[in-house]
Amino acid sequence: MQKTFIRYTSIIITIAILLILFINFLLSLHAIEAQQFDTFYSKTEQMIHTLKTNQEELLLLNENLDEDYLTRAKAAAYIFDRMEEVSMNVSEMQYLAKLLNVDELHIIDESGYIISSSVSQYVGFDMSAHDQTRPFLELLDSEEESPYLIQESRPNAAESKIMQYVGVARKSHKRIVQVGFEPTRQLEAQSRNTYDYIFSRFPTDAGEELYVVDLSTGTVLGHSDGLGRVFDAEYYQLSQLLDCTKGAYRKNAKEEPMYVVSRIYDDVLLCAALPQRTLYQKLWGDLLATFIYLLLIEAAVILLLNYLLKRKVISGIHDIIKNLDTITKGSLDTTVSVGGNREFEELSRDINTMVKSIINLSDRISAIIEISGISLAAFEYERKINHHVFVTSGLSGLLGLPEQKAKALYQNAIFFDEYIHQITRTPIEGETEIFQINDSHYVHIRMSESPQGYLGIITDVTKDVLQKKQMQYENTHDQLTGLFSFTHFKHLATETLQKMPSGKSCAAVMIDLDSFKSINDTFGHDAGDKYLQSFSSAMKTMPPAHFLSARRSGDEFCMMIYDCNDKAEIISFLDLFYETFTKEEVALSDTVSKTVSASSGFAWTDHADEDIAQLLSHADEALYEVKRKTKGRYAEYGKPLT
């Protein structure tokens with residue numbers, strides 16, 4: 001087939017060349033190409049000039065802004081060195097940030113935590129936990145006189161918001177003052193340095209294309225018509241473009257010649273292309289007579305090539321395309337077997353060898369992942385009916401899928417797509433790519449969508465999630481009793497009070513265990529802990545729809561009774577509480593048991609705008625009165641004991 005095709009094609013091309021040589025087309029062609037080369041060269045020269053100007057402007061802007069941002073950060077540090085009280089108040093931090101005309105203002109202690117911030121949710125953030133924040137901690141150990149760090153614009157660790165941060169070390173304390181800015185001006189200047197912006201400044205003729213190719217990777221970085229296309233044609237390939245510095249012809253996706261001029265600038269290749277037919281259209285009037293002859297010759301050639309291709313090539317190619325389509329849909333077990341001539345047989349063998357290598361590659365990747373010991377799996381698919389899904393081993397285990405159901409999903413990309421998107425609709429609270437598979441299993445799923453389909457990576461993050469949940473629990477609960485810590489209790493109580501519906505009442509209750517010191521002194525701290533835990537257990541049995549309970553410190557506790565209709569209902573809940581914790585005795589030793597005795601005071605309100613701190617203070621005063629005059633009972637603030 002190859003020799004036959006070459007022989008007939010050579011004859012046809014030779015005849016065509018001999019005919020073309022007899023016309024004067026090439027006499028005008030050189031002049032047209034030279035003129036187009038000059039036009040393209042001029043445009044690339046202007047593009048280079050624009051790029052250089054924009055880069056210089058961006059560099060100058062960054063230098064000026066860096067100096068300005070550093071000045072503001074030092075000003076903030078100066079203020080904190082003289083006004084220490086400002087650093088612990090969010091509202092004052094926000095006021096100072098506004099005064100300094102910065103978007104964010106933070107103070108970082110010597111342990112690497114944000115202890116004060118103009119953004120309330122950032123307070124307590126661990127700076128050592130992320131690559132973006134960690135470099136600022138080096139300022140704490142710097143021996144320079146006035147150490148500082150100016151970080152380039154990048155997504156921040158807390159919200160992935162594009163920010164630029166500047167940090168300086170405080171002189172009076174081992175702390176860091178950090179200011180943050182939204183880099184609006186830099187982003188605007190950078191946008192003017194993009195290829196899309198540059199191309200918009202240069203109008204193009206019909207069919208003309210301007211584009212930029214990376215010299216190291218061969219990737220098309222920008223195009224005058226945008227990047228929403230596939231750049232696989234010959235005139236986009238780096239290896240072909242490097243020889244176009246003086247102008248040359250390369251084929252487009254339709255196998256049509258394009259006149260291309262390329263020019264190297266820094267690490268990119270600036271290119272301009274124009275279809276040959278557009279370049280030649282000025283000659284059509286002069287070549288009309290010649291065109292008639294060529295048309296007759298072209299018809300004869302087409303008929304001849306059509307006959308030869310249909311008889312010698314097309315049928316075999318159709319069979320190969322059909323088999324390749326089946327393989328593309330995921331049926332990698334398909335065997336290509338097309339005969340008729342030696343070339344098709346060799347091609348069939350090569351395709352089968354390639355498919356086997358793909359299957360072997362998948363197996364090797366799965367084996368490497370298993371050897372590494374990392375709980376990781378990958379998948380890739382096109383969202384089309386009857387298409388298979390490419391997966392690595394271990395995917396079913398990470399998703400908790402029975403083997404039979406997993407095989408069924410892998411056979412149909414539509415069903416697999418629905419299953420994956422069903423999982424990824426509901427990430428766990430506070431996360432965007434972490435999902436709960438069952439009660440004790442969590443995975444991280446990251447997907448990338450392209451015109452060809454989806455590519456995803458799944459990793460097991462159960463240990464990290466459970467550790468995070470445990471840390472959150474330990475930060476908000478008392479270790480001995482399991483009750484809320486007093487700090488977290490005040491936060492919850494404040495929210496509950498602010499959300500209290502009209503017509504409802506609530507009360508703050510302060511509690512102190514009677515004679516607890518003598519129990520510790522007489523029976524030891526283990527018995528004292530048991531005494532505290534018994535009382536805490538009673539607090540936990542109270543209806544959670546009406547009670548918030550916390551350990552304040554030592555033998556001091558507090559509660560909030562809420563969502564009550566009136567004071568009478570509050571008192572009924574207090575009676576229920578006292579009845580509960582006095583029912584059982586606590587064994588303090590092998591021979592001594594004691595019923596828990598506690599004194600308490602409460603203050604109630606039916607106003608949602610009441611200050612929780614004030615309520616707790618009033619409840620504490622009522623408790624003091626009970627402890628002073630009697631024990632083992634409760635009293636209301638402002639009411640005399642009877």
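**Exercise 1. Work out whether the end-to-end distance of α17 in this predicted model agrees with the span expected of the helix.**

Step 1. Start from the 15 residues of α17; at 1.5 Å a residue, they should span 21 Å.
Step 2. Now compare: the end C-alpha atoms are 22 Å apart, which agrees with the expected span.
Step 3. While you are at the start of α17, look at aspartate 566: one of its side-chain oxygens comes within 3.2 Å of the backbone nitrogen of alanine 568.

**Exercise 2. Find which residues of α17 are buried, and what they pack against.**

Step 1. Pick out the buried residues: Ile570, Phe573, Leu574, Phe577, Tyr578 and Phe581.
Step 2. Look down the axis of α17: these buried residues fall within an arc of 140 degrees, so they line one face of the helix.
Step 3. Then follow their packing partners, which are β18, α16, β19, β20, β23 and β24.

**Exercise 3. Place Phe577 and Phe535 in the largest nonpolar core.**

Step 1. This core has 31 residues, and Phe577 and Phe535, along with Ile511 and Leu513, touch the most other members.
Step 2. Elements that each supply at least two residues of the core include β18, α16 and α17.
Step 3. Beyond its neighbours within four places in sequence, phenylalanine 535 contacts Ile511, Leu513, Phe557, Phe577, Phe581, Val596 and Ala598.

**Exercise 4. Is serine 117 buried or exposed, and which polar contacts does its side chain make?**

Step 1. Locate serine 117 in strand β2.
Step 2. Its relative accessible area is 0%; buried means under 20%, so serine 117 is buried.
Step 3. Its side chain makes a polar contact with the side chain of histidine 106 at 2.7 Å, and a polar atom of that serine 117 side chain lies 2.9 Å from the backbone nitrogen of valine 119.

Notes:
Residues numbered from 1 in each chain as written. Predicted model: local features only at pLDDT ≥ 70, side-chain atom pairs only at ≥ 80, totals over all residues. Heavy atoms only, no water. Core = buried A, V, L, I, M, F, W, Y, C linked by side-chain atoms within 4.5 Å. Buried < 20%, exposed > 50% of the residue type's maximum accessible area, 1.4 Å probe, protein only. Helix = DSSP H or I, 4+ residues; strand = E, 2+ residues; numbered from the N terminus. Contact = heavy atoms within 4.5 Å. Expected span 1.5 Å × (residues − 1). Arc of directions from axis to C-beta. Polar contact = N/O pair within 3.5 Å; in protein donor to acceptor, adjacent residues only side chain to side chain.
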